[in-house]
Amino acid sequence: MSLISTQTVAEHASPESCWIIVHGRVYDVTEFLPEHPGGSKIILKYAGKDATEAYDPIHPPDAITTHLPKHKHLGPVDPQTVVKIERVLSEEEKKRQELVASRPPIDEIVNLHDFEAVAKAILPPKAWAYYSSASDDEITIRENRAAYQRIWFRPRILRDVSVVNWSTTILGYKSSLPVYISATALGKLGHPDGELNLTRAAGKHGVIQMIPTLASCSFDEIVDAAVPGQTLFLQLYVNRDREITKRYVQHAEKRGVKALFITVDAPQLGRREKDMRMKFVDESGVAKVQDGDKNVKKDEGVARAISSFIDPSLSWKDIPWFKSITNMHIVLKGVATPEDALMAYDYGLAGIVLSNHGGRQLDTARSGVENLIDIVAALKTRGPWPNPRFAIFVDGGVRRASDVLKAIALGASAVGVGRAFMYSFCAYGQEGVQKAFQIFRDELEMNMRLIGVRSIDELTSDLVDASGLHAHVGITPTDNLYNSTYQPLALAPFRAKL
């Protein structure tokens, strides 16, 4: 294949003939312009130019090769014709890079709040807004954290806790922690390696990772980064086109994924106002997955732009179909009531996640750990509990090992952690995730000894006092570390004078 000069590429810089360069290869995207989920404007900004720098943070590496017909792959660019363009850094970017250089040494990171504080300082504003935002008045995201402060321990004494073991099994698969990595989207907004930081760290330390549908890295790239025998789960947003969903699910099963977590609390994504105010899509495009969907909100932030493919018609009637297309464990992610928990059980599913999507969906929805008490009580009406054939997971607001132990004592099988692990790799890459695992291990060892338990299965409800959990006003202790990183919502700003 002959090389293409950059001068030739530059001649194709219009809506009528639009070529771009990505990773040293030239693509004709003219016919794709009206179909691009982020709109044609963002592509035309790079028409006739190298778009790699804008492409990488928000697309998996195979997005363009997968979705663009082969005859539109024009060939490699001639490296002899590439003109090195010196990037001029804005004052904001210079300041950000200075903050990155002056981060605390990782051995000074002593808790998960530290990672969040570092990430907040060094992330580009648009990335921080997307990651940290929650819906409406952001009451639920704060309540997710506060709920754990309304649960108190009732420790037992004079038990031999010289040896404690916090390993467990999750859906029958070994885990070195009673915690799994919950799915979070668009990892490359915060780090060039994106979700691979999680996969590599999890493989080294025996932790289970849930792969997100909306990952910045491709599904196969993530699976390829895993070590032999590493357990992976898959989070699924259900596509309106069921054939696309079927292919994705069955491909995941062929690649060895062990469980399918179907997100059921997002028929429409919530209004995440911090993200919306950034109007991200106008400037930098979108993630992927909406192949050919033209009904994309382009001026309301990342969350709206990447979600147009999600099917709001998903219902209980679809569960038998999912069971017919895969032998993976099927778990519903986003359950909030005893009624729905019992339906999931009666449909023969493997479990549920008590989740409000990290506070990003229905604001003033109760926290997962608060719902846990009523849902465990309801499931006990179906037979002996705990039931080895049905798992309850909880996510949202977890920042301490003590939170994990409280949830398990109240009946959870394990706990999902999303943002905390994401902030750890935004701040320090793979090393940050590994440090986060170590923090959990250290906190688990200390707390289990102080509670008086030697293994995860010794955690029972008599070790906690959750009598104040349902009281939402006036009795929650202030969490100073969390409050120091939480960024309050802002109102629409006035325009500066010209």
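Colleague: Among contacts between residues at least 6 apart in sequence, what share joins residues at least 24 apart?
Modeller: Bear in mind that this is a predicted model. Contact here means heavy atoms within 4.5 Å. Among the protein's contacts between residues at least 6 apart in sequence, the share joining residues at least 24 apart is 76%.

Colleague: How many of the protein's residues, as a percentage, count as buried?
Modeller: The protein has 498 residues. Buried means under 20% relative accessible area. By that cut-off, the buried part is 56%.

Colleague: In what order do the strands of the barrel run?
Modeller: The protein has 20 helices and 16 strands. Of the strands, 8 close into a barrel with parallel pairing. Neighbouring strands of this sheet are turned by 30 degrees against each other on average, direction ignored. The order is 8-9-10-11-12-13-14-15.

Colleague: Which residue of strand 13 stands opposite valine 335?
Modeller: Look at strand 12, residues 329-335. It runs parallel to strand 13, and 4 bridges join the two. Opposite valine 335 in strand 13 stands leucine 354.

Colleague: Which strands are the edges of the open sheet?
Modeller: This sheet has 4 strands in the order 1-2-3-4, with antiparallel pairing. An edge strand pairs on one side only. That applies to strand 1 (13-14) and strand 4 (73-76).

Colleague: Which residue in strand 3 is the bridge partner of valine 22?
Modeller: Strand 2 covers residues 17-22, and strand 3 covers residues 25-28. The two run antiparallel and are joined by 4 bridges. Across from valine 22, the bridge partner is arginine 25.

Colleague: Are helix 9 and helix 19 roughly parallel or roughly antiparallel to each other?
Modeller: Helix 9 is residues 196-205, and helix 19 is residues 419-451. Their axes lie 10 Å apart, at an angle of about 20 degrees. Angles under 35 degrees count as roughly parallel. Helix 9 and helix 19 are therefore roughly parallel.

Colleague: What is the handedness of the crossing of helix 9 and helix 19?
Modeller: The helices pack at an angle of about 20 degrees. The crossing of helix 9 and helix 19 is right-handed.

Colleague: How many nonpolar residues are in the contact of helix 9 with helix 19?
Modeller: From helix 9, the residues that meet helix 19 include Leu198, Ala201 and Ala202. From helix 19, the partners include Phe421, Phe425, Val433 and Phe437. The contact also has 5 polar and 3 charged residues. The nonpolar count is 7.

Colleague: At what angle does helix 19 run to strand 8?
Modeller: Helix 19 lies across strand 8 and strand 15 (414-417). Its angle to strand 8 is about 160 degrees.

Colleague: Is threonine 184 buried or exposed?
Modeller: Threonine 184 is found in the loop between strand 8 (179-181) and helix 9. Beyond its neighbours within four places in sequence, it contacts Glu195, Pro212, Gly418, Arg419 and Met422. Its relative accessible area is 17%. Under 20% counts as buried, so threonine 184 is buried.

Colleague: What distance separates the C-alpha atoms of threonine 184 and glutamate 195?
Modeller: Glu195 is one of the contacts of threonine 184. The two residues are 11 apart along the chain. Their C-alpha atoms are separated by 8.8 Å.

Colleague: Which residues does glutamine 149 contact, leaving aside its neighbours within four places in sequence?
Modeller: Glutamine 149 sits in helix 8. It is buried, with a relative accessible area of 16%. Its contacts are Thr476, Pro477 and Asp479.

Colleague: What is the omega of the cis peptide bond between tryptophan 385 and proline 386?
Modeller: Most peptide bonds are trans. The bond joining tryptophan 385 and proline 386 is cis. Proline 386 lies in the loop between helix 17 (368-379) and strand 14 (391-395). The omega is about 0 degrees.

Colleague: What is the phi of aspartate 136?
Modeller: Most residues other than glycine have a negative phi. Aspartate 136 is not a glycine, yet its phi is positive. It is found in the loop between helix 7 (125-132) and helix 8 (139-149), and is partly exposed, at 34% relative accessible area. Its phi is about 50 degrees.

Colleague: Is threonine 364 buried or exposed?
Modeller: Threonine 364 has a positive phi of about 70 degrees, although it is not a glycine. Its place is the loop between strand 13 (351-354) and helix 17. Over 50% counts as exposed. With a relative accessible area of 57%, threonine 364 is exposed.

Notes: Residues are numbered from 1 along each chain as its sequence is written. This is a predicted model: local features need pLDDT of at least 70, side-chain atom pairs count only at pLDDT 80 or more; totals for chains, interfaces and linings use all residues. Side-chain values use heavy atoms; hydrogens and water are left out. Axes are lines fitted to C-alpha atoms, for helices over the stretch in contact, and angles run from 0 to 180 degrees between N-to-C directions. Angles under 35 degrees count as roughly parallel, over 145 as roughly antiparallel, 65 to 115 as roughly perpendicular and the rest as oblique. A crossing is left-handed if the near helix is turned anticlockwise from the far one by less than a right angle, and right-handed if clockwise. Ala, Val, Leu, Ile, Met, Phe, Trp, Tyr, Cys and Pro count as nonpolar, Asp, Glu, Lys and Arg as charged, and the others, Gly among them, as polar. Two strands pair if DSSP finds at least two bridges between them. Buried means under 20% relative accessible area, exposed over 50%, partly exposed in between (1.4 Å probe, protein chains only).
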